[in-house]
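Got your viewer open and a selection box ready? Let's walk through this one stop by stop.

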Amino acid sequence: MNPSDLMRLARGPLFYFALLFFIAGMLYRLTRVVGFGWKKDLTKPKKSKIAGSLLAFVKSVIIWPFIPRVEGSLKRNLVAYFAGGLFHLALFLVVFLGAAHMLVWKSLLGFGWPTLPLPVVDWLAAAGIVALLVLFINRLVNPVLRTISHAAEYLNLLFVFLPMLTGFFLTHHLLLPYEAMFALHVLSVDWLLIWIPLSRISHFVFYFFSKAIYGAEFARRGAQP
Amino acid sequence: MATMSVTEQALNTYVRETGGWIASQLEACTRCGMCAEACHFYVATGNPEYTPIWKVELVRRAYEQRFTLIGKIKQALGFEKPVTDEDLRHWAELDYYACTMCNRCSMVCPMGIQLADLIHEARAGLFEAGLIPSDLKAALDKQIEEGSPLGADDETFDDRLEWIEDDWDVEFPMDKEGADVLLVFSSIEIMKFPDNLAAIAKILDAGGVNWTLSKEGREVTNFGLYAGSDELEMLIADRVIRAAKRLGVKRVVVSECGHAYDALRFRAANLRGEKLPFEVVHITQVIGELVESGRIKLKAGAFENGKVTFHDACKIQRRGGDFEQPREVLKILAGDRFVEMTPNREEAWCCGGGGGVIAIQDADEVRRAAFTIKIDQINAAGATTVAMTCSNCRLQFLDCVDHFNLNWNVTGLAQMVADALVEEG
């Protein structure tokens, strides 16, 4: 199999298999969690739980990570705030507003949107890669993270790192011929799509549960989330 | 069935109690470790095992191995070790000695996971496995059998009240028909802070509240909550609930006790599966209402002794919402000599004595270490008097003031209010 065959396989059948696995896997996990059942709250809430949940989302999306939630927590978690924040920002901007990625979305959804200029995307990608490396090293050396991390936590970082690195090499025509690197890039994305439902990268879905619970719980108890 | 091992009993509890509420939060954690830096036990000691999410590790493992595909794969491939009895004993120390369920960590968590509740789950399994620390168990047994963890049985209770009535010149109405309010005390107050009982009685009388105590529901302290046993928590709370129903009161007022307020106000109805036919409020809220409505008058500037600061108790302020009433009162009593600690309110640091920790002797060292954060905070604020609305915090403060030789005055809000009451002519 030559690189262009591999590329066609990776972006064709493999990609669609991975995408289906991703969607089915996430739906399975969602229904599983919802299916555990939810007890009705019979206590009288001090404040509106719905308003509390909404406030929690607004605060976490708009304010965090640029203003720390708790006094002193920025200073105490510099790496997590900056490397973590930068990584997420870079990832979202590159995946949704990079021109090449938008075309993939367009082919899937049928419509497109304006994108960021290539140099901006390029710098964001580089920043994201550096941030991810910092997070990886931090997990290796920080005593708390070493204690609470299992193999999966390191693999999560690695499997997100691979598409970012191959994507960066791809745009800069580094290391391998274009088609070969393209194939590696898409293969790493395919694998990531399969890995997400099996791992905690799925936190982007359960975030909506835990954050809503957080806001409701603080409001129920009369505190500000 | 053959007798279950300690481990099986704990794991079964975790699996049995898993609902969407718990599962979704376990699924949301990315193991970023930020919760560690919000925990007074971690910050004071630097022990990474005190990271809040690590205290939930056994619950997570039980959940993943039982309910998730990847957990089953990991276990089959040998990536994840099965939980052993030794693990449980280790986590019993982490979960009972080094967590006050203050939930400060949930505020730092980017996902907002309610870590205190998850650690309570962890305790539930450990309790089922019989791994509750012996002194906590002894207090719990005493409460179940005698009605009080600190030994305020029927006779002692009557004796104490009689003594307080004589010495402080107050009256405690007992099981009074037609009362609007049932007042319930904590055992700490009954046995260690008798002046608090007198202070609260004076405040309610001055405010014209039609209140009563009850023999049956005399103590609101709840060691079942500390232990992690929903069943015993309910059994203990039921004593108060039965008394309140029998007397037909509109309101149950919880005295200066934090976790008891949590149990009765925010948990009891859900554990019982039915709404309570009365309102549960903390004495802090009552004081606030009486002052605001002018039903009691306080002597402005009554506090004359240096600067006073307010310690936010985790169960009454961060997890109970009564932030402003004590501050309003302290502003009247001390004016600009009332100073805030930083951080405060929702973000306040816990004293380190809650969650039953102060009842566990083997936890003394870590409990006192956690308090050093409070020392720095209060010294930075320049206060020499610390007021609070929780007698469990107050016990921790008094123990640590003694242990660290601090020259502070530690007091309850109700006591300050009672001392500053202006008699209506």
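What follows is a short tour of a predicted model, with a selection to make at each stop.

**Stop 1: a helix in chain B.** Select residues 364-381 of chain B, which form helix α20. At 1.5 Å a residue, its 18 residues should span 26 Å, and since the end C-alpha atoms are 26 Å apart, the length agrees. Now show side chains: the buried ones are B:Val366, B:Arg367, B:Ala370, B:Phe371, B:Lys374, B:Gln377 and B:Ile378. Look at the spacing with this in mind: an α-helix has 3.6 residues a turn, so residues three or four places apart point the same way.

What do the buried residues of α20(B) pack against? Colour these parts of chain B to see: α3 (40-45), α7 (85-97), β5 (308-310), β7 (385-388) and α21 (391-403). Before moving on, click B:Gly382, just after α20(B), where phi is positive at about 75 degrees.

**Stop 2: the sheet.** Stay in chain B and pick out the four strands of an open sheet, which run in the order β6-β5-β7-β8 with parallel pairing. The edges are β6 (338-339) and β8 (409-412) of chain B, each of them paired on one side only. Zoom in on β7(B) and β8(B), which are joined in the parallel sense by four bridges. One pair worth labelling is B:Ala387 with its bridge partner B:Thr411 in β8(B).

Next, add α21(B): this helix packs on the sheet, touches β7 and β8 of chain B, and runs at about 170 degrees to β8(B). Then select residues 324-334 of chain B, helix α19, which lies across β5, β6 and β7 of chain B at about 175 degrees to β5(B).

**Stop 3: where the chains meet.** Bring chain A back into view. Here 47 residues of chain A contact 47 residues of chain B. On the chain A side, the helices supplying at least two residues each include α2 (13-35), α5 (78-97) and α9 (151-172). Which helix of chain A gives the most? Highlight α11(A), which contributes nine residues. Colour this side of chain A by residue class and you get 21 nonpolar, 15 polar and eleven charged.

**Stop 4: inside chain A.** Finally, split chain A into domain 1 (71-146) and domain 2 (150-225). Their centres, taken over C-alpha atoms, are 10 Å apart. The contact between them uses nine residues of domain 1 of chain A and ten of domain 2 of chain A. On the domain 1 side of chain A, those residues are six nonpolar, one polar and two charged.

Methods. Residues numbered from 1 in each chain as written. Chains lettered and ligands numbered in written order. Predicted model: local features only at pLDDT ≥ 70, side-chain atom pairs only at ≥ 80, totals over all residues. Expected span 1.5 Å × (residues − 1). Buried ≥ 20, exposed ≤ 12 C-beta atoms within 10 Å, placed from the backbone. Contact = placed C-beta atoms within 7 Å. Pairing = 2+ DSSP bridges. Axes fitted to C-alpha atoms, helices over the stretch in contact; angles between N-to-C directions. Nonpolar A, V, L, I, M, F, W, Y, C, P; charged D, E, K, R; others polar. Domains from an automatic or database assignment.
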